[in-house]
Amino acid sequence: MPKVKLYGYATSPYVRKTACFLHYKKIPFEYIPVNPINPKETIGFTGNTRVPILQIDDEWRVESSEHAHWLDELFPEYTLCPNEYKQKIIEVDTWLNRVFLPSIFRSVIDGKLNLNARMRYWRLAAIVSSQTPLPEKIRHQWPEILMQASFIQKMGEDMDLTEDPKDMQMRIGMELVTHIGDGPFIASMECPTMLDFAVFPQVVFGVMAGLEDKLLAAMHPVLKNWIKAVAKHLPENPILIPNYMIVKTVDQAIYEI
């Protein structure tokens with residue numbers, strides 16, 4: 001069995017995405033948290049600081065969507081991108097990478113640091129520090145550090161920042177509902193694909209990690225059914241943060257709705 005390692009941050013949606021690919025395929029892997037203060041300690045061999053990095057034996061790759069295709073080549077069981085649906089999957093994955101995933105960073109891009117925002121970012125700092133301990137000063141400054149991150153600010157270049165954030169969230173949520181179609185999985189698929197595992201950990205991360213009180217997506221019947229369907233194919237904690245930091249499981253969050 002090849003030796004599989006995943007490097008990254010549990011707070012990164014792209015890292016969580018690759019982790020769910022591995023979980024679905026039932027591939028044993030070692031998750032190696034990267035210290036954001038000194039990433040070269042763990043990922044210096046790549047020559048840059050980008051994550052996620054998926055390493056299989058002596059080969060490694062950095063693009064999360066590419067990880068799905070690479071894993072299908074090496075581990076064909078539990079296919080993430082079936083050949084007969086490849087074009088459709090690529091089309092929806094393009095929307096996910098250009099619209100859905102960048103929208104997660106909208107509040108950081110807007111740069112509004114009210115108390116609620118600070119509390120959220122401090123919680124994210126605590127999650128990072130639980131795996132790669134951060135100095136107290138860095139944890140305290142985490143909101144400002146996030147807002148100065150160039151890779152996050154770059155995402156705003158292709159985003160309509162005149163659109164109200166709540167309107168954007170609602171619009172993208174309804175676009176996701178449209179992409180699910182007749183279900184039970186995205187693109188009306190009968191089996192989950194890389195698309196479902198790109199979205200699922202992002203939808204549930206907030207409530208599982210204590211950033212949100214309720215799993216609001218589950219208030220929509222289509223999304224609720226989709227969440228329940230995808231959850232059956234993943235472990236109870238698929239989001240890479242330590243179990244002791246999980247505030248609610250997906251089942252608990254759905255039960256509350």
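This is a short dialogue about reading a predicted model, from its sheet to its helices and two loop residues.

Me: Let's start with the sheet. In what order do the four strands stand?

Reply: A general idea helps here: strands of a sheet pair through backbone hydrogen bonds, and they do so either parallel or antiparallel. In this model the open sheet has the order β2-β1-β3-β4, with mixed pairing. β2 (30-33) and β4 are the edge strands with a single partner strand each, so one side of each has no neighbour in the sheet. From one strand to the next, the twist averages 20 degrees.

Me: Which helices pack on the sheet?

Reply: One of them is α1, which touches β1, β2 and β3 and whose direction makes about 160 degrees with that of β1. Another is α3, which touches β3 and β4, and its direction makes about 15 degrees with that of β3.

Me: Now strand β3. In what sense does β3 pair with β1, and with β4?

Reply: Strand β1 (residues 4-8) pairs with β3 in the antiparallel sense, over four bridges. The pairing of β3 with strand β4 (residues 59-61) is antiparallel too, over three bridges. Q55 is a good residue to follow: Q55 is the bridge partner of K5, and Q55 also stands opposite W60 in β4. Two residues lie between the strands in the hairpin of β3 and β4, where D57 takes a positive phi near 55 degrees.

Me: How do I read the two faces of a strand?

Reply: In a regular strand, side chains alternate between the two faces of the sheet. For strand β3 (residues 53-56), I53 and Q55 are on one side and L54 and I56 on the other, and all of these are buried, leaving both faces covered.

Me: Back to the helices. How do α1 and α3 pack, and at what angle?

Reply: Compare the directions of the two axes. Helix α1 (residues 13-24) and helix α3 (residues 64-74) make an angle of about 15 degrees, and their axes are 9 Å apart. The two helices are therefore roughly parallel to each other. Their crossing is right-handed. On the α1 side, the contact uses Y14, K17, T18, F21 and L22, and on the α3 side S64, S65, H67, A68 and L71. By class, this contact of α1 with α3 has five nonpolar, four polar and one charged residues.

Me: What is the angle between α1 and α11?

Reply: Here the angle is about 120 degrees, and the axes of α1 and helix α11 (residues 194-208) are 8 Å apart. α1 and α11 are therefore oblique to each other, and the crossing is right-handed. From α1 come P13, R16, K17, C20, F21 and Y24, which meet M194, F197, A198, P201, Q202 and F205 of α11. That contact of α1 with α11 divides into nine nonpolar, one polar and two charged residues.

Me: Now the loops. Is T193 buried or exposed?

Reply: Look at the relative accessibility: T193 has 1%, so T193 counts as buried. T193 sits in the loop between α10 (165-180) and α11. Leaving aside residues up to four places away in sequence, T193 touches L80, P82 and I89.

Me: And P76, buried or exposed?

Reply: P76 is exposed, because its relative accessible area is 56% and the cut-off for exposed is over 50%. P76 belongs to the loop between α3 and α4 (86-103). Residues separated along the chain can still meet in space: P76 and K25 are 51 residues apart in the chain, with their C-alpha atoms separated by 8.7 Å. Leaving aside residues up to four places away in sequence, P76 touches K25 and L71.

Note on methods
Residues numbered from 1 in each chain as written. Predicted model: local features only at pLDDT ≥ 70, side-chain atom pairs only at ≥ 80, totals over all residues. Heavy atoms only, no water. Axes fitted to C-alpha atoms, helices over the stretch in contact; angles between N-to-C directions. Parallel < 35°, antiparallel > 145°, perpendicular 65-115°, else oblique. Left-handed = near helix turned anticlockwise from the far one by under 90°. Contact = heavy atoms within 4.5 Å. Nonpolar A, V, L, I, M, F, W, Y, C, P; charged D, E, K, R; others polar. Buried < 20%, exposed > 50% of the residue type's maximum accessible area, 1.4 Å probe, protein only. Pairing = 2+ DSSP bridges.
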